[in-house]
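Please find below some notes on this model, set out as numbered points. They deal with strand pairing first and with the cysteines after that.

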Amino acid sequence: QVQLVESGGGLVQPGGSLRLSCAASGSIFSIYAMNWYRQAPGKQRELVAAITSGGYTNYTDSVKGRFTISRDNAKNTVYLQMNSLKPEDTAVYYCYSRIATSPSRYYNCWGQGTQVTVSS
């Protein structure tokens, strides 16, 4: 069994910063790309940022230049550094990854979500 656990959300003023973390645990053989999604009230869940096991990154246009995704493969952890936050960044942020427990078995895992609220 494997799981993803997020932390680091909270309330921040516009222009502020937050750092989200997502740690994978369990019987891990390998971890594919690690991703951050978000879902605002009344909106569909959207991909915010992704990072491959080799460190290649991708961002949705609205966060480019403000958010940075990184990962520590030794700790099975992915981070999302969010700077210059805007009220429209308010959402529940979810971590997602495909995690293999053996060469032939893998699970699509979602974290429980962490609330980010940007408000004055």
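1. Strands S9 and S10 (residues 105-110) are antiparallel and are joined by six bridges. Within this pairing, arginine 98 lies opposite asparagine 108 of S10. The connection from S9 to S10 is a hairpin of two residues. Please keep in mind that the model is predicted.

2. S9 also pairs with strand S11 (residues 114-118), in the antiparallel sense and over three bridges. Here tyrosine 93 faces threonine 114 of S11.

3. A further partner of S9 (residues 91-102) is strand S4 (residues 30-39); the two run antiparallel and eight bridges join them. Isoleucine 31 is set opposite isoleucine 99 of S9.

4. Strands S1 and S3 form an antiparallel pair with six bridges. Leucine 4 has alanine 24, in S3, as its bridge partner.

5. In a regular strand, side chains alternate between the two faces of the sheet. Strand S1 (residues 2-7) shows such an alternation: Val2, Leu4 and Glu6 point to one face and are buried, whereas Gln3, Val5 and Ser7 point to the other face and are not buried. Note that Glu6 belongs to the buried set.

6. Serine 21 is located in strand S3, which covers residues 18-26. Is serine 21 buried or exposed? Its relative accessible area is 18%, and the cut-off for buried is under 20%, so serine 21 counts as buried. Beyond its neighbours within four places in sequence, serine 21 contacts Val5, Glu6, Ser7, Trp36, Val78 and Tyr79. Of these contacts, Val5, Glu6 and Ser7 lie in S1.

7. The model has one disulfide. The bond is between cysteine 22 and cysteine 95, with their sulfur atoms 2.2 Å apart. This pair links distant parts of the chain, since cysteine 22 is in strand S3 and cysteine 95 in strand S9, 73 residues apart. The torsion about the S-S bond of cysteine 22 and cysteine 95 is about -85°, and therefore the disulfide is left-handed. Cysteine 22 and cysteine 95 are both buried.

8. Which cysteine is in no disulfide? That is cysteine 109, for which the nearest cysteine sulfur, that of cysteine 95, is 9.2 Å away. A disulfide requires sulfur atoms within 2.5 Å, so cysteine 109 and cysteine 95 do not qualify. Cysteine 109 is buried, with a relative accessible area of 7%.

Key:
Residues are numbered from 1 along each chain as its sequence is written. This is a predicted model: local features need pLDDT of at least 70, side-chain atom pairs count only at pLDDT 80 or more; totals for chains, interfaces and linings use all residues. Side-chain values use heavy atoms; hydrogens and water are left out. Helices (H or I, at least four residues) and strands (E, at least two) are DSSP runs, numbered from the N terminus. Buried means under 20% relative accessible area, exposed over 50%, partly exposed in between (1.4 Å probe, protein chains only). Contact means heavy atoms within 4.5 Å. Two strands pair if DSSP finds at least two bridges between them.
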